[in-house]
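Here is a short briefing to read alongside your structure. Have a look at the fold first, and then follow the points below.

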Amino acid sequence: MGVTIYHNPACSKSRDVLRVIESAGYEPEIVHYMKVGWDRDALEALLADAGLRPHEVLRHERGPARELGLLEEGVTEDQILDAMIAHPVLVERPLVRTEKGVALCRPVGKVLDLLEHWPEGPFTRNNGVLLIDAQGLPVPGV
């Protein structure tokens, strides 16, 4: 099964998701979207496949969303998409694509829904939080 992760190595959740994927034995295609940017059609297709709209993956807390006026009422999905193309940091991460679908993997445990097999348990995130228990079962909400 092919796995693609749209990854920002500066993001702890993105690093955790990549670690889960690799620890499960996959060799993912890693797209460093902060370096290569986004193609509008590809980003629209990725979001459509995930069942998400641009405002649902807009990074609110960090980055220039507020300064660009993207958090104001009346901002359109097209305006947000245009801003995401101009400022890749505006896209929340990580997004992961497998044959099972596409998802924004926040919380980190959402990546398990996209994988055929998982890392052996117990498996913890980099911050020490348990993601998969000793019986190999996912810990809810992580």
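A hairpin of 2 residues connects β3 to β4; strands here are DSSP runs of E with at least two residues, helices are runs of H or I with at least four, and both are numbered from the N terminus. This is a predicted model, in which local features need pLDDT of at least 70 and side-chain atom pairs count only at pLDDT 80 or more, while totals for chains, interfaces and linings use all residues. Residues are numbered from 1 along each chain as its sequence is written, and side-chain values use heavy atoms, with hydrogens and water left out.

**The hairpin strands**
- Strand β3 covers residues 95-98 and runs antiparallel to β4, with 4 bridges between them; two strands pair if DSSP finds at least two bridges between them.
- Within this pairing, L95 sits opposite L104 of β4, and V96 has A103 as its bridge partner.
- In a regular strand, side chains point alternately to one face of the sheet and the other.

**The sheet and its helix**
- The hairpin strands belong to an open, mixed sheet of 4 strands, ordered β2-β1-β3-β4.
- β2 (29-31) and β4 (101-104) are the edge strands with a single partner each, so one side of each has no neighbour in the sheet.
- On average, neighbouring strands of this sheet are turned by 15° against each other, direction ignored.
- Helix α1 (residues 12-23) lies across β1 (4-6), β2 and β3, at about 170° to β1. Axes are lines fitted to C-alpha atoms, for helices over the stretch in contact, and angles run from 0 to 180 degrees between N-to-C directions; contact means heavy atoms within 4.5 Å.

**The whole protein**
- The protein has 4 helices and 6 strands, arranged from the N terminus as β-α-β-α-α-α-β-β-β-β.
- Its radius of gyration is 16 Å, close to the 14 Å that the globule rule gives for 142 residues, so the protein is as compact as a globular protein of that length. The radius is taken over C-alpha atoms, and the rule is 2.2 Å times the number of residues to the power 0.38.
- The C-alpha trace spans about 50 × 25 × 25 Å along its principal axes.
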